[in-house]
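Please read the sequence and look at the structure shown here. The paragraphs after it go through the protein part by part.

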Amino acid sequence: MKMLWLSLLTLMMQVQSPVTAFPLQSPHLTTQPHAGPTEADQELAEAYLRHFYAYQPRSERQKRTVEDPDVNADWRTGLCEKVKEMQLFHGLPPNGELTQETLAVMKRPRCGLSDVERFGDTIRWKKSSLSYRISGYNLSIPASKVHRVFRAAWKLWSNVARVKFRKRSRREADVVISFYRGEHKDGSPFDGRGGILAHAYLPGFGIGGDVHFDADEDWSFNTTGFNLLVVAVHEFGHALGLPHSPDPGAIMYPSYNFASNNELQLSFRDVKDVQHLYGVSPHFASIFTKNPPPRTPDKCDPDLSFDAVSELQQELLFFKDRFMWRKHPQFEETGITLISSLWPDTVPSYLDAVYENVEKNLIVFFKGQQFWMLRQLNLEEGFPRNISDLGFPSNITSVDAALHFRNERYTVFFVGQECWRYNERQKTMEASPALIEQQWPGIPTPLDAAVVHEGLVHFFKGNIVYKFDLNAKRVISTGHANDLLDCKETDNNEILTEGR
Ligand code: ZN
Ligand code: CA
């Protein structure tokens, strides 16, 4: 790590120190996880936080200043604060504990660069025409294909920013791209299959701007293994001077996530960031007028609607496209994360409905004719299955929303103007549906989502939530669909000044 860290460290000192905006949680409030992490997981977490979050255990002398016997050892060393920082970056509930899902995110394949370095505005190439060279190539995949992938990756950036790239075969180049195995003399050895996939150096002389791929990975041109184009676009972003983005829709998000059949595109965030460094490409308007870069949904957008809403233990989950927000009653921050970062390769995007079966500790996802049942992070055997297995007639090809009643142990499915009642104990569907307008007067159809929250049923349709009182059998109030996502005035102002 030394060289990379040294360069990053120098930068940090020149530019600004990493942002640590999280107040120290009172140690007395911390609780031990029920089943604590294994020793191996604890070691993995410490290594991860050292590498990606600049974690340095507090010295013995510093530790003595917090000699309260109630304080657990991880708070004394400062580990938990770093766990919180990592959790906030990745949209996890920031409890500072090495929960199962926190560890799962730590184990996801990712880029080797840190998440907390701020490069500042000034780390960029001072010229707009850059050269690159591919060296040390010894993979089994054809070189011509690899060259084509790199050309396509550079083009994604030059389509939006005022910067050009030219390949050189011999002479020195600004960006040298290599595939390396293990230790490769830059102080940041690769780690074999999985883990770190690649890393890159910020613009500068010598190793500056260079990009290294882990030659031990199963590189591919499709969805098997790791897609080389996806990783190349990300690393080239670093070679241009971009840091990691906490926006999970951005190419510059540090974790590898590629499961879509969609064409790879830079997100709105990536485009803004690179244009900030290099200016706007003269081709930008003509390429993107029709099809602008995709924006990650914004929880404070007054027009925000949801695909599905569900409880999950203490949390409320709001699903939208590839993303979800997690509202935890204990934490002010409602983080956004990719659905795939919690349930990789299992739960699809653009869901229809989701509900939690508390009694059986299951969460059930619906999309089209299929449904997926998971116990915590793992898919149950035999899933996905067809919704006809629940007792729906074959003419029903999707559901709009699902509402689970914990105490009564049944689930109501909303389909168009009708609702179907499913008995979770007997695993049977009532023979015929009822009309929504009769069962739930005042509720619009078709619905987007439904969830029971604080004793009221929350029905979602477009950007409106209808709160239904079960005893009075009527809607007692309405509000913005995103009211529960804690949009503060300041958040709104930020969006406005971001230059829509
Ligand atoms: Zn990266
Ligand atoms: Ca690796």
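In this predicted model, the largest nonpolar core has 49 residues, and the members that touch the most others are Phe150, Trp157, Ile177, Phe213 and Trp219. Several elements each give two or more residues to this core: strand β2 (129-135), helix α7 (143-158), strands β4, β5 and β6, and helices α8, α9 (268-278) and α10 (284-288). Another core, of 35 residues, lies apart from it, and Tyr48, Phe52, Val309 and Leu338 are among its residues.

Trp157 shows what it is to sit in such a core. Which residues does Trp157 contact, leaving aside its neighbours within four places in sequence? The list includes Phe165, Val233, Phe236, Gly237, Leu240 and Leu242. It also includes Ile251, Met252, Leu266, Asp270 and Val274.

For the protein as a whole, the model has 13 helices and 26 strands. Buried residues make up 51% of the 500 residues. Among contacts with a separation of 6 or more, 59% are between residues 24 or more positions apart.

Next come the metal ions. The zinc ion (ligand 1) has four protein donors: the SG atom of Cys111 and the NE2 atoms of His234, His238 and His244, at 2.0 to 2.2 Å. Why is the arrangement called tetrahedral? The four donor atoms subtend angles of 102 to 116° around the zinc ion, and an arrangement of four donors counts as tetrahedral because all its angles lie between 85 and 135 degrees. Along the chain, the donor residues of the zinc ion have the spacing C-x122-H-x3-H-x5-H. Two of these donors link distant parts of the chain: Cys111 belongs to strand β1 (residues 110-111) and His238 to helix α8 (residues 228-239), 127 residues apart. Both Cys111 and His238 are buried.

The calcium ion (ligand 2) is coordinated at 2.2 to 2.4 Å. Side-chain oxygens (OD or OE) come from Asp191, Asp214 and Glu217, while Gly192, Gly194 and Ile196 each give the atom O. The six donor atoms make angles of 80 to 175° among themselves, and the site is octahedral. In sequence the calcium donors follow the spacing D-G-x1-G-x1-I-x17-D-x2-E. Gly194 is in the loop between β4 (175-180) and β5 (196-200), and Glu217 is in the loop between β6 (211-214) and β7 (219-220), so this pair ties together parts 23 residues apart in sequence.

Are these two calcium donors, Gly194 and Glu217, buried or exposed? Gly194 has a relative accessible area of 17% and is therefore buried, since buried means under 20%. Glu217 counts as buried too, because its relative accessibility is 6%. Gly194 also has a partner from another part of the sequence: Gly194 and Pro109 are 85 residues apart in sequence, yet their C-alpha atoms are 5.5 Å apart in space.

The strands are the next topic. Strand β19 (residues 410-415) has six of its six residues buried, so the rest of the structure largely encloses it. In a regular strand, side chains alternate between the two faces of the sheet. In β19, Tyr410, Val412 and Phe414 are on one side and Thr411, Phe413 and Val415 on the other, and all of these are buried, which leaves both faces covered.

Strand β19 pairs with two other strands. With strand β18 (residues 401-405) the pairing is antiparallel over five bridges, and the bridge partner of His404 in β19 is Thr411. The hairpin of β18 and β19 has four residues between the strands, and Arg409 takes a positive phi near 60° there. With strand β20 (residues 418-423), β19 also pairs in the antiparallel sense, over six bridges. Here Tyr410 stands opposite Asn423 in β20. The hairpin of β19 and β20 has two residues between its strands, and Gly416 in the turn has a positive phi of about 60°.

Further along the chain is an open sheet of four strands in the order β23-β24-β25-β26, paired antiparallel. Its edge strands, β23 (449-453) and β26 (474-480), each pair on one side only. Ignoring direction, neighbouring strands of this sheet are turned by 25° against each other on average. Strands β24 (residues 456-461) and β25 (residues 464-469) run antiparallel and are joined by five bridges. One of the paired positions is Lys461, whose bridge partner in β25 is Ile464.

Terms used:
Residues are numbered from 1 along each chain as its sequence is written. Chains are lettered from A and ligands numbered from 1 in the order in which they are written. This is a predicted model: local features need pLDDT of at least 70, side-chain atom pairs count only at pLDDT 80 or more; totals for chains, interfaces and linings use all residues. Side-chain values use heavy atoms; hydrogens and water are left out. Donors are N, O and S atoms within 2.8 Å of the metal (3.2 Å for Na, K and Ca); water is not among the atoms, so sites may look incomplete. Four donors count as tetrahedral if all angles lie between 85 and 135 degrees; four count as square planar and six as octahedral if opposite donors are over 155 degrees apart and all others between 65 and 115; anything else is irregular. Buried means under 20% relative accessible area, exposed over 50%, partly exposed in between (1.4 Å probe, protein chains only). Two strands pair if DSSP finds at least two bridges between them. Axes are lines fitted to C-alpha atoms, for helices over the stretch in contact, and angles run from 0 to 180 degrees between N-to-C directions. A nonpolar core is a set of buried Ala, Val, Leu, Ile, Met, Phe, Trp, Tyr and Cys residues joined through side-chain atoms within 4.5 Å. Contact means heavy atoms within 4.5 Å.
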